[in-house]
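Trainee: Could we go through this model together, one question at a time? I would like to learn how to read it.

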Amino acid sequence: MFRINLARSAFSAVPVTMAESDEFTVTGIRYPSGVESVTVANSRGRVEVLPFLGQMVWDAEFDGVSLRMDSPFRQPYPATLIEDTYGCFAFHSGLLAAGCPSPEDNHPLHGEFPCAVFDEAWLEIDTDSVAVSGRHEFVKGFGDHYEAVPAVRLRAGSAMFDIDLSVTNLSAVRTMPLQYMCHMNYAYSDGARMTQSLPDGAFALRGTVPAHVFPTPEWTVLNEAIRSGQVAADVLDAAQGYDPEIVFLADDLPAYGQDLEFRLERTDGITFCTRFSSADFPVATRWLLHNPDQRVASFVLPGTSRPEGFLAAKAAGTLIELAPGASRSFHVSTGITEEA
C-alpha cells in the first residue's frame, strides 16, 4: 500500500486525475461552492468523498444506479451544520453527541463532527483497492480532545464499499463521551422490500416525536396503521405518505448475533445492502421520508445508541465513555450486492 497526500491547492474547477490504473480512476475537483471532492471509480461505478468536509460521502453510483437520496442540494456547501448541506449519501453523526437533540440538549443536530474541517487528507492505494482517508483533531480548552480517522474504501470489481472510522481520546486525564451513527441516506424506491437478519418485530415504530417533526393528522393515522399491522412496515409505499418522517428503531442487536445484514430489495432487481457487526453498533434505525423536496429510504442506520440526542443516550446507558488514550473503531460495508 502507498499513500498520496491531498492538498487543497491541487483542486480546481477543472477535474484533475490524481491516480489511474486499469481498474481505478481517482479524480479531484472543486465545486463552485469551494468544497473539494475526490471521486474513486472502478469498473462498476464510483464513490465521491469530500476529503476536507467531514469526509462525508457526497455521492455513490454503481451499475448505473444512484444510491443517494433526492434532495434540493445540487452541490455540497462549506457548512458547519449538516442541515446546511444535507444532500449527501452518508455522513458521520457524532462524536461527542449524536442524533436529534432534545430541548434539554445543547448540541447541534447529529453532533459536531458531520461538517468537521479536516487537518489532512490522503489516498491509500493498494493492488486491489483505493481508499480516501484523513485526520481530524478536535481540541477544546478545558474540554474534550480527540482524533478521528475515517476511511472510505472501494475494491476492484465491487459495487460494495467500506465506511470505517477510528476515534482516539487524546486527553491524558479526561474521559470522552462517544456517540456515533453511520448515517447513510439511501435512495427511495417505491415498492422496495426491506429485509434484515433480525427476527420479525425487532424493528419497532418510534414512540416519541422529536422537535423537528411536526405531526399532521394523516401522519398520526399512518403511524397507528403501521402499529396495528394494517400497513406493511417493510414495503415502501409512497402513497402512504412518509411526510413527516417515519422512523423505526431496533435495540440490543447483539442478542440477534454479531454479523448482521440489512437489505432493500428494489422492484427492478437491484438490492442495496449494508453489513456491520453488532459489537460495533448495538442499535439500528430505519428512516423513511418522501415529499416533493426530499426522498430517502435509510433502511438501516447503524449506531451506538438511538438517534435521540446525548441526554437520552446517557439515560439509556448507551453512551460510550472512552478512557484517556483509548480508541474505538467502527466498520460498515454497504452498496449493491449480487448475493441472493
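Mentor: Happily! Let's begin with a term: a residue is called buried under 20% relative accessible area, exposed over 50%, and partly exposed in between, using a 1.4 Å probe and protein chains only. This is a predicted model, where local features need pLDDT of at least 70 and side-chain atom pairs count only at pLDDT 80 or more, while totals for chains, interfaces and linings use all residues. Residues are numbered from 1 along each chain as its sequence is written, and side-chain values use heavy atoms, with hydrogens and water left out.

Trainee: Is Cys100 buried or exposed?

Mentor: Compare its relative accessible area of 13% with the limit of under 20%. Cys100 falls under that limit, so the word for Cys100 is buried.

Trainee: How many disulfides does the count come to?

Mentor: A disulfide is a covalent bond between the sulfur atoms of two cysteines, and here the test is a pair of cysteine sulfur atoms within 2.5 Å. For Cys100 the nearest cysteine sulfur belongs to Cys88, 14 Å away. For Cys273, which is buried at 0% relative accessibility, the nearest one belongs to Cys182, 13 Å away. The number of disulfides is therefore 0.

Trainee: Which strands are the edge strands of the open sheet?

Mentor: Strands are DSSP runs of E with at least two residues, helices are runs of H or I with at least four, and both are numbered from the N terminus; two strands pair if DSSP finds at least two bridges between them. The sheet has 9 strands in the order β1-β9-β10-β11-β12-β22-β18-β17-β14, with antiparallel pairing. An edge strand pairs on one side only, and that holds for β1 (2–6) and β14 (193–196).

Trainee: What does the twist average from one strand to the next?

Mentor: Axes here are lines fitted to C-alpha atoms (for helices, over the stretch in contact), and angles run from 0 to 180 degrees between N-to-C directions. From one strand of this sheet to the next, the average is 15°.

Trainee: What is the bridge partner of Tyr146 in β12?

Mentor: Strand β11 (residues 145–155) runs antiparallel to strand β12 (residues 160–169), and 9 bridges join the two. Across that pairing, the partner of Tyr146 is Asn169.

Trainee: How many residues of strand β18 are buried?

Mentor: Strand β18 (residues 271–277) has a paired strand on each side in the sheet order, namely β22 and β17. With strand β17 (residues 259–265) there are 7 antiparallel bridges, and Glu261 stands opposite Arg275. With strand β22 (residues 327–336) there are 5 antiparallel bridges, and Phe272 has Ile336 as its bridge partner. The strand is mostly covered, and the buried count out of 7 residues is 6.

Trainee: Which residue takes a positive phi in the hairpin of β17 and β18?

Mentor: Look at the 5 residues between the two strands. The positive phi, near 95°, belongs to Gly269.

Trainee: The side chain of Gln75 reaches the backbone nitrogen of which residue?

Mentor: Gln75 is in the loop between β7 (65–66) and β8 (90–95), and Gln75 is buried at 16% relative accessibility. Contact means heavy atoms within 4.5 Å, and by that rule Gln75 touches Tyr31, Pro32, Ser33 and Trp58, not counting residues up to four places away in sequence. A polar contact is a pair of N or O atoms within 3.5 Å; within protein, one must be able to donate a hydrogen and the other to accept it, and residues adjacent in sequence count only if both atoms are side-chain atoms. At 3.0 Å, the backbone nitrogen reached by the Gln75 side chain is that of Ser33.

Trainee: How many residues apart in sequence are the parts that Glu36 and Arg8 tie together?

Mentor: A salt bridge is a side-chain nitrogen of Lys or Arg within 4 Å of a carboxyl oxygen of Asp or Glu, and Glu36 and Arg8 form one at 3.1 Å, N to O. Glu36 is buried at 6%, whereas Arg8 is partly exposed at 36%. Because Glu36 lies in strand β4 (residues 36–41) and Arg8 in the loop between β1 and β2 (16–20), the separation in residues is 28.

Trainee: Which residues are linked in a network of salt bridges?

Mentor: Start from Arg135, buried at 18%. Arg135 forms a salt bridge with Glu137 at 2.6 Å and another with Glu147 at 2.5 Å. The full network is Arg3, Glu120, Arg135, Glu137 and Glu147.
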